[in-house]
Amino acid sequence: MRKKLIAGNWKMNSLKSEAKALAEAVFSKAKTDMPFDMLVCPPMNVLGFVAELPHDGVFIGAQDVAETQKASGAFTGDISAQMVKDLGADWTLVGHSERRQYHGETNAIVKQKAENAINAGLTVVICIGETLNEREAGKAVEVVRNQTRECVSALANAENCVIAYEPVWAIGTGKVPTTADVAEIHAAVRDELAKVLGSEIADKMRILYGGSVKPENAKELLNVENVDGALIGGASLKADSFWAIAEAVK
Ligand code: PEP
């Protein structure tokens with residue numbers, strides 16, 4: 001039985017005072033024995049600060065780690081996975097579509113980042129998903145299968161790796177795929193994971209859905225077969241809506 005994971009991606013939002021208010025509002029409701037796991041991924045400016053607040057029952061993650069395998073060195077502006085760990089975080093996202101779109105990150109780069117995260121002792125959430133053009137061309141399944149195969153490293157297992165399927169056209173747009181489309185993609189991702197890692201690991205690995213998840217659609221999406229949680233952007237910036245989504249977990 002895969003425990004559902006409710007993950008919030010704060011993106012490039014929150015100065016210190018805002019992060020304190022949001023984090024404290026989220027953390028105040030959390031307990032250590034919840035029927036789901038919870039993760040928040042603040043931006044790097046407040047990651048260490050948020051990780052130092054009492055956060056029983058909530059994991060803290062970064063939104064990205066450096067591509068270089070080095071823990072330190074001449075890589076201006078980069079933050080290594082080891083540095084993320086040192087800040088008190090235990091998780092990180094990699095391969096978010098905004099990283100792929102604005103920073104040219106390829107599947108090979110995403111795979112390297114995922115390996116760096118795992119090697120540093122972080123649990124990694126690898127984001128994948130097709131663009132609108134790819135969906136309209138009937139290529140969504142092929143694209144996510146390729147991304148799964150090319151981004152998931154042999155180091156991955158169900159404890160140190162989670163996949164997040166986020167159709168690019170659904171992120172921040174209010175549009176969501178049909179539940180049938182979500183089910184089709186998640187089944188394809190699990191099948192591809194079995195080819196890469198074997199069916200025992202693939203059966204245990206969590207596959208999240210992300211893209212315009214809101215309290216109103218959370219229950220329906222979280223009940224789709226092979227959907228093991230949600231990655232939430234906009235609605236994670238308000239503790240009430242983030243929790244309303246979490247509470248949709250049966
Ligand atoms: C995201 O950025 O990962 C995301 C899913 O955003 P939103 O929930 O705002 O669509």
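This briefing describes the barrel, the ligand site and selected loop residues of the structure above.

The model is predicted: local features require pLDDT of at least 70, and side-chain atom pairs count only at pLDDT 80 or more, whereas totals for chains, interfaces and linings use all residues. Residues are numbered from 1 along each chain as its sequence is written, and side-chain values use heavy atoms, with hydrogens and water left out. A closed barrel of eight strands, with parallel pairing, runs β1-β2-β3-β4-β5-β6-β7-β8. The protein buries 98% of the 300 Å² that the ligand exposes when taken alone.

**Barrel and strand β1**

- From one strand of the barrel to the next, the twist averages 25°; axes here are lines fitted to C-alpha atoms, for helices over the stretch in contact, and angles run from 0 to 180 degrees between N-to-C directions.
- Strands of a sheet pair through backbone hydrogen bonds, either parallel or antiparallel.
- Six bridges link strand β1 (residues 4–9) to strand β2 (residues 36–41) in the parallel sense; two strands pair if DSSP finds at least two bridges between them.
- Helices (H or I, at least four residues) and strands (E, at least two) are DSSP runs, numbered from the N terminus.
- Opposite A7 stands L39 in β2, and opposite G8 stands V40 in β2.
- Six of the six residues of β1 are buried, where buried means under 20% relative accessible area, exposed over 50%, and partly exposed in between (1.4 Å probe, protein chains only).
- On one side of β1, K4, I6 and G8 are buried, and on the other L5, A7 and N9 are buried, leaving both faces covered.

**Ligand site**

- The ligand has 14 residues around it, and K11, E166, G172, S212 and G233 come nearest; a residue is near a molecule or strand if one of its heavy atoms lies within 4 Å of it.
- This shell comprises four nonpolar, eight polar and two charged residues; Ala, Val, Leu, Ile, Met, Phe, Trp, Tyr, Cys and Pro count as nonpolar, Asp, Glu, Lys and Arg as charged, and the others, Gly among them, as polar.
- An N or O atom in the side chain of E166 is 2.7 Å from an oxygen atom of the ligand.
- Backbone N or O atoms also approach ligand oxygen atoms, at 2.7 Å from S212 and at 2.8 Å from G234.
- The accessible areas come from the Shrake-Rupley method with a 1.4 Å probe; for residues, only the protein chains shown count as cover.

**Loop residues with positive phi**

- Most residues other than glycine have a negative phi, and most peptide bonds are trans.
- S14, although not a glycine, has a positive phi of about 105°; S14 belongs to the loop between β1 and α1 (16–27) and counts as buried because its relative accessibility is 15%.
- S212 has a positive phi near 60°; S212 sits in the loop between β7 and α10 (215–222) and counts as buried because its relative accessibility is 8%.

**Other loop residues**

- R206, in the loop between α9 (199–204) and β7 (207–210), has 11% relative accessibility and therefore counts as buried.
- The side chains of R206 and D37 are joined by a polar contact of 2.8 Å; such a contact is a pair of N or O atoms within 3.5 Å, and within protein one must be able to donate a hydrogen and the other to accept it, while residues adjacent in sequence count only if both atoms are side-chain atoms.
- T178 lies in the loop between β6 (161–165) and α8 (179–197) and is partly exposed, with a relative accessible area of 44%.
- The side chain of T178 reaches the backbone nitrogen of D181 at 3.0 Å.
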